[in-house]
Amino acid sequence: MQDIRKNIPLLLMIISLAGLYFSRAVLSIATGLWLVFGIIEWIRQKEKIHKQPLLLWSFAFPLLCLLGSWQSSWSHPQNQQILLTALGYPAWALGLLAIKDKQQWKRIQIAWVITAIIGLCYPLIAFVGDMQGNIQALGSGKALPVFMDTDHVRFGILLVSAVAVNWILLKEDPANKWLKISLFFLIAGILFTAIRTAWALLFILFMGWFLLETKKKMVVLFLLIAMGAIIYQIPTVKNKIHYTLYDFEQYNQKGYDPNYSDGVRRAINQVSWKAIQEKGFSNMGWAAIPDHLKAEFKTVTKGSETNFGWPFNQWLFWWMGVGFGGTLLFTLWLCYPILYAWRKTNASIAIWTLAIAASCLVECTINYQYGTLLHIVPLFLLRKNYLTST
């Protein structure tokens with residue numbers, strides 16, 4: 001019985017990662033199972049919640065989300081979706097903080113890295129299957145096909161989180177050649193798949209480790225510059241950068257054009273900012289955002305329609321939903337792990353928090369179940385001293 005209980009966290013993580021790739025329903029079930037597991041273990045271990053700051057932090061987010069729910073019916077699908085997604089934070093926190101065995105924890109970290117590597121094999125195989133067509137697609141700004149309902153941004157976040165976890169494992173076992181190979185494969189894969197958000201987050205990881213953890217900073221700085229110059233010569237990287245600059249310039253000259261992906265993002269964000277200025281510091285609630293955004297988009301773009309119901313910026317979404325005051329509270333909540341990391345001298349948690357915040361500048365990252373999972377789980381996997389009260 002003891003052996004079965006020890007393997008429950010790894011089994012739940014495998015189910016969760018399978019759901020992350022293939023089924024939101026499975027992911028929802030897994031999240032519920034983590035909640036049940038966490039509650040049972042907390043009762044058995046007689047833990048004190050008030051001594052776990054990250055657990056209290058996780059419970060705060062669903063409460064903050066209530067600020068955007070009272071403006072309409074509580075049964076509105078938009079309200080239910082936001083609140084159910086937010087409840088993933090305490091569910092995962094309860095389950096992960098209940099794990100006290102070092103070997104259990106390491107197995108979960110390794111499972112996270114292996115899952116990212118398996119997921120990375122899919123776009124690489126797809127590229128080899130139609131090399132010429134994919135080279136042309138990459139040259140026109142498209143990314144390779146991925147799991148997670150082709151959600152490139154959140155798949156990129158998964159890959160970068162795996163790099164961070166892999167790095168933590170490698171620091172604990174520097175001689176492990178397999179961890180060195182997996183780290184190289186993940187980094188090379190991120191560059192090759194042409195997911196710009198992943199590039200940006202990987203850059204944040206490198207700069208964070210460079211500024212906060214390296215001792216021979218000048219040597220590392222020159223090494224990073226040399227690596228950057230070499231990486232720029234990779235065709236997928238060069239083509240993606242050139243397309244991004246071209247897309248940006250086209251929008252500046254012509255305005256909104258549905259043929260350019262970045263143009264859609266910029267147009268929706270501009271419409272969102274316009275709505276915020278019109279509403280001032282008042283709030284419209286989560287439920288009103290999609291219809292208001294679509295109507296404003298059609299007006300601003302002179303008849304063009306969009307299926308997007310949220311802006312491509314987490315702060316714009318919160319400002320539209322709960323006003324400036326709620327957005328400030330959300331920002332404080334999002335940045336709290338940096339304070340926690342400073343108190344615990346754990347640079348990796350602070351760096352990961354900054355990486356997630358950066359992703360929120362171009363996406364509503366944590367509005368989606370995928371996003372909440374990719375935010376909180378790496379945050380816990382990067383902790384130190386997990387066998388003591390944290």
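This tour moves through the predicted model in a series of selections, from the whole chain to individual residues.

Two conventions apply throughout. Residues are numbered from 1 along each chain as its sequence is written, and side-chain values use heavy atoms, with hydrogens and water left out. Because the model is predicted, local features need pLDDT of at least 70 and side-chain atom pairs count only at pLDDT 80 or more, while totals for chains, interfaces and linings use all residues.

**Whole chain**

Display the chain as a cartoon. Its secondary structure comes to 18 helices and zero strands; helices (H or I, at least four residues) and strands (E, at least two) are DSSP runs, numbered from the N terminus. Of the 390 residues, 49% are buried, where buried means under 20% relative accessible area, exposed over 50%, and partly exposed in between (1.4 Å probe, protein chains only). Switch to a surface view: about 18500 Å² is exposed, and carbon and sulfur atoms supply 68% of that area. Accessible areas come from the Shrake-Rupley method with a 1.4 Å probe; for residues, only the protein chains shown count as cover. Among contacts (heavy atoms within 4.5 Å) with a separation of 6 or more, 72% are between residues 24 or more positions apart.

**Helices α9 and α10**

Select α9 (residues 152-172) and α10 (residues 177-192). Their axes come within 10 Å and cross at roughly 160°; axes are lines fitted to C-alpha atoms, for helices over the stretch in contact, and angles run from 0 to 180 degrees between N-to-C directions. The angle therefore makes α9 roughly antiparallel to α10, the cut-off for that term being over 145 degrees. Show side chains at the contact: α9 contributes residues including Leu159, Val163 and Trp167, and α10 contributes residues including Leu179, Leu183 and Ile187.

**Salt bridges around Arg154**

Side chains of opposite charge can pair when their charged atoms come close. Here a salt bridge is a side-chain nitrogen of Lys or Arg within 4 Å of a carboxyl oxygen of Asp or Glu, and the count comes to six.

Select Arg154 in α9. Arg154 pairs with Asp151, the closest N and O atoms lying 2.6 Å apart. A salt bridge also joins Arg154 to Glu363, at 3.3 Å from N to O. This second pair links distant parts of the chain, since Glu363 lies 209 residues away in the loop between α17 (347-359) and α18 (369-381). Arg154 and Asp151 are both buried, and Glu363 is buried as well. Add Arg265 to the selection to display a network of salt bridges linking Asp151, Arg154, Arg265 and Glu363.

**A pair within α2**

Go next to Glu41 and Arg44, both in helix α2 (residues 24-45) and three residues apart, about one turn of the helix. Their salt bridge has its closest N and O atoms 2.9 Å apart. Glu41 is buried, with a relative accessible area of 5%, whereas Arg44 is partly exposed at 45%.

**Two residues of α14**

Finish at helix α14 (residues 261-279) by selecting Asn269. Asn269 is buried, at 18% relative accessible area. Leaving aside neighbours within four places in sequence, Asn269 is in contact with Pro311, Phe312, Asn313 and Leu316. From C-alpha to C-alpha, Asn269 and Val362 are 9.3 Å apart in space, with their positions 93 residues apart in sequence.

Ser272 is also found in α14 and counts as buried, at 0% relative accessibility. Apart from neighbours within four places in sequence, Ser272 is in contact with Leu293, Pro311, Leu316 and Met320.

Definitions and conventions
Angles under 35 degrees count as roughly parallel, over 145 as roughly antiparallel, 65 to 115 as roughly perpendicular and the rest as oblique.
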